[in-house]
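Here is a protein model to explore together. Have the chain in view and follow along as we go from strands to helices to charged side chains.

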Amino acid sequence: MILSCQNISKAFGDQPVLRNVSFHIEEYDKAAIVGINGAGKTTLLRIIVGEQTADEGVISLAKGKTLGYLAQNQDVNSENTIYDELLSVKSDIIEMERKIRQIELSMKQATDSHLDALMETYTRLTHAFELANGYAYKSEITGVLKGLGFLEEEFSKQISTLSGGQKTRIALGRLLLLKPDLIILDEPTNHLDLNSISWLETYLLNYKGAVLIVSHDRYFLDRITGKIIEIDQTKAASFTGNYSAYAVKKEQLRTAALNAYLKQQQEIKHQEEVIEKLKSFNREKSIRRAESREKMLSKIEVLDKPTEARTDIHMTLTPRCVSGNDVLHIEGLAKSFGKQELFSNIGMDIKRGEHVAIIGDNGTGKTTILKIINNLLSADAGTITLGTNVHIGYYDQEHHVLHMEKTLFEEISDAYPYLNNTEIRSTLAAFLFTGEDVYKRIADLSGGERGRVSLAKLMLSESNFLILDEPTNHLDITSKEILEDALNAYEGTVLYVSHDRYFINRTALRILDLSDGRLTSYLGNYDYYLEKKATFNEVASSQENSFKKEAVPSETKLDWQAQKELQAKARKRENDLRRCEEAITSLEEQLSETEATMSQPDVATDVAKLQELTKRQQDLNEKLLPLYEQWELLLNE
């Protein structure tokens, strides 16, 4: 066991956050702490690493073990470059390397009496250097930086010029290179794109130590974790398995607890009715029996009613009217910022009822496309056409649709003046804003709270085309599930940008992958996209090997071309197969008609007619034979 938490309790004022929380982490555990926003997950991490003190309880780290902690936001103050900042982690290896080089020089001039001692030191140092991965530490640093999404040309950038998200990635890189026995990560995927998240998953899965994570990324938790520690109503419970296994077990336990509660309530009610009936007899024996039952009833440990599943936000999305079948048509769209071209000549068609996700690395222009559609940015080229009766509802991750100077109440009442005070308060209460909260200014809200206000406005909009930019940012898992259910029940059209792979898997029917300035469509959810992209990459690789002697486009362009060629080949096969089947059907119908005619009594006695029909029968059979062979070949391609 590497970490033990025993009976940890913490309160802020008279508000308990954690109560008698106990769990342990074994040496190679990959564990996650889950719970709704405000459950105390980050507080628990801070207590474990010593940034806060518990009111009660004991935290024990195994003797000689080390831990490293990554908070949600890291302000790395350094004048180093990105590369030098991570290189500083390897200062002990660099010093060891310096000593080894120094001994090598000394050995050239050493006398026999000193040479043995130098050789002994040299052997010891080189062995330690090898154990510390000294011969590959520069490659390791480069691999971590690239894995976290930094380009080689960015390695020389100064830390002081980076954004908050980039600084957090630097802090994560430092932590991974330090290799503590226990890594503790608070929302590590917040500032990573899909490729970087996938890289981090693989890194942590192969990590030779323990990992403890707080995250709302359910896909990430499914891939990484083998243990879930749930914080619910100040208490903790541990579950074996990944997030999906936990969710199933949690629902089973909640159902069992609810059944036990209802059964006990039924028994209590029955006993109270019997007691009342016994007392109504007003006889000495019946009263004694009633008192005896009352005494037994008072000793029962009454079960608490289990909390209802997913009741924190109530969300229903209803289109105001039905749009035409063609919702959105984009053709020849291009956008650059200065000399940086994001994309050019891209297009898409969205049909009524489709749920489409745009995915891609950070900085490829996903949000820019949404802003252009919503007239928040102008395109350099291209046309955007909305279909008949299309009404857009826009969720902006930067919340530009909100007015910072207004209160929550004003934000809703000004946007929807036909609502009365009760309706406005009810809407805000559905998104957890009650009492005096409704008079808070938008500017004073957290990112998560602003997200909930934007969702409240979206719910009221009655739009039939929802355009959402990172809608799950700042939402806890429970709120994400509510939003997923609302979108899945929504009869309108949805186009969104998201890094949340679990969310995409549950809500997307089509994926648009934006990479290298181009959009590639995949009909299916995120898992289907991964499967098909791997297939396309194999085809691209095969083609690259076949034509390696010729001048070929760049690898990324080749991937895109291979995808197009594979799609074109599949379409051609389907068309050829359809035409072949149609030809076979036509010939077989003609053959059946010919044979039916030949069997007629008047034809059977007409030698000339019979010879003509027999010749026709032979011709049809001769035409059918190669078609059957062609059909079998097409079917087996």
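## A hairpin and its sheet

Strands β8 and β9 make a hairpin with two residues between them, and glutamine 233 in that turn has a positive phi of about 55°. Helices (H or I, at least four residues) and strands (E, at least two) are DSSP runs, numbered from the N terminus. Two strands count as paired if DSSP finds at least two bridges between them. This is a predicted model, in which local features need pLDDT of at least 70 and side-chain atom pairs count only at pLDDT 80 or more, while totals for chains, interfaces and linings use all residues. Residues are numbered from 1 along each chain as its sequence is written, and side-chain values use heavy atoms, with hydrogens and water left out.

Back to the hairpin: β8 and β9 pair in the antiparallel sense over six bridges. Glutamate 230 has alanine 237 in β9 as its bridge partner.

Which strands make up the open sheet, and in what order? There are six, running β5-β6-β7-β3-β8-β9, and the pairing is mixed. At the edges sit β5 (67–70) and β9 (235–240), each pairing on one side only. From one strand to the next, the twist averages 15°. For a parallel example, look at β6 (residues 182–186) and β7 (residues 210–214), which pair over five bridges. Leucine 182 stands opposite alanine 210 in β7.

## Helices

Two helices lie across parts of this sheet. Helix α6 (residues 164–178) lies across β5 and β6, and runs at about 170° to β5. Helix α9 (residues 243–281) lies across β3 (30–34), β8 (227–232) and β9, at about 45° to β8. Axes here are lines fitted to C-alpha atoms, for helices over the stretch in contact, and angles run from 0 to 180 degrees between N-to-C directions. Contact means heavy atoms within 4.5 Å.

Now try helix α14 (residues 447–461). The expected span of a helix is 1.5 Å times one less than its number of residues. For the 15 residues of α14 that gives 21 Å, and the end C-alpha atoms are 21 Å apart, so the two agree. Is α14 mostly covered or mostly open? Mostly covered: 13 of its 15 residues are buried. Buried means under 20% relative accessible area, exposed means over 50%, and partly exposed is in between (1.4 Å probe, protein chains only). Right after α14 comes glutamate 462, with a positive phi near 55°.

## Unusual phi values

Most residues other than glycine have a negative phi. Lysine 179, in the loop between α6 and β6, has a positive phi near 55°. Lysine 179 counts as partly exposed because its relative accessibility is 41%. Glutamate 470 has a positive phi too, about 50°, and lies in the loop between β15 (465–469) and α15 (477–489). With 6% relative accessibility, glutamate 470 counts as buried.

## Charged side chains

Side chains of opposite charge can pair when their charged atoms come close. A salt bridge is a side-chain nitrogen of Lys or Arg within 4 Å of a carboxyl oxygen of Asp or Glu. How many does the structure hold? The count is 33, and here are some of them:

| Pair | N to O distance |
|---|---|
| Lysine 65 and glutamate 27 | 3.7 Å |
| Lysine 457 and glutamate 411 | 2.8 Å |
| Aspartate 444 and arginine 441 | 3.5 Å |

Lysine 65 sits in the loop between β4 (56–61) and β5, and glutamate 27 in the loop between β2 (15–25) and β3, so this pair ties together parts that are 38 residues apart in sequence. Lysine 65 is partly exposed at 27%, and glutamate 27 is partly exposed at 34%.

The lysine 457 and glutamate 411 pair links helix α14 to helix α12 (residues 408–415), and the two residues are 46 residues apart. Lysine 457 is buried, with a relative accessible area of 13%, and glutamate 411 is buried at 2%.

Aspartate 444 counts as exposed at 54%, whereas arginine 441 is partly exposed at 37%. Elsewhere, salt bridges that share partners join Arg218, Lys480, Glu484, Asp485, Asp500 and Arg506 into one network.

Finally, meet glutamate 187, in the loop between β6 and α7 (194–205). Glutamate 187 is buried yet has no salt bridge, and the nearest side chain of opposite charge, lysine 41, is 6.1 Å away. For charge, Lys and Arg count as positive and Asp and Glu as negative, while His and the chain ends are not counted. Not counting residues up to four places away in sequence, glutamate 187 touches Gln72, Val214, Ser215 and His216.
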